[in-house]
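Me: Could you take a close look at one part of this model for me? I'd like to know what sits around one residue on a strand, and then what goes on in the loop that follows.

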Amino acid sequence: MVEITSERIEVGGEGRDVVEAEYEGDEIGLRFNYRFLVEYLRAIDEEEIEVELWDSEKPCIFRGIGSDSYLYELMPMQPPEDEKK
């Protein structure tokens, strides 16, 4: 399972969802600008995606399962605890 949370500071709203996923490796927390993630999801036709990630300082690779025709690279945003430094 993967927990997805969102926060909209301007209006004080937040959301949370848990989606079924296969995951290997240590727990990791990443932040993305939702607009870039939605842009990718609108561009593909596949129902399932694969995400390759290494850590919060390296880009993640998104691809639709069953198709190698579209690869999307997305850089995570800086974690909130690092923004104030």
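Reply: Quick bit of vocabulary: contact here means heavy atoms within 4.5 Å. Bear in mind that this is a predicted model.

Let's start with Phe-62, which is found in strand β4, residues 60–64. Phe-62 counts as buried because its relative accessible area is 4%, and the cut-off for buried is under 20%. If you skip its neighbours within four places in sequence, Phe-62 touches Phe-32, Leu-37, Tyr-40, Ile-49, Glu-50, Val-51, Tyr-70, Leu-71, Tyr-72 and Leu-74. Val-51 from that list is eleven residues away along the chain, yet the two C-alpha atoms are 4.6 Å apart.

Phe-62 also belongs to the largest nonpolar core, a set of six residues: Tyr-40, Ile-44, Cys-60, Phe-62, Tyr-72 and Leu-74. The elements giving two or more residues to this core are β4 and β5 (71–74). Another core member, Cys-60, has its own contacts beyond four places in sequence, among them Leu-30, Phe-32, Val-51, Tyr-72, Leu-74 and Pro-76.

Now for the loop between β4 and β5, where you'll find Ser-67. With a relative accessible area of 16%, Ser-67 falls under the 20% cut-off, so this one is buried as well. The Ser-67 side chain has polar partners: a contact of 3.4 Å joins it to the side chain of Glu-46, and another, at 2.8 Å, goes to the side chain of Ser-69.

Key. Residues numbered from 1 in each chain as written. Predicted model: local features only at pLDDT ≥ 70, side-chain atom pairs only at ≥ 80, totals over all residues. Heavy atoms only, no water. Helix = DSSP H or I, 4+ residues; strand = E, 2+ residues; numbered from the N terminus. Buried < 20%, exposed > 50% of the residue type's maximum accessible area, 1.4 Å probe, protein only. Core = buried A, V, L, I, M, F, W, Y, C linked by side-chain atoms within 4.5 Å. Polar contact = N/O pair within 3.5 Å; in protein donor to acceptor, adjacent residues only side chain to side chain.
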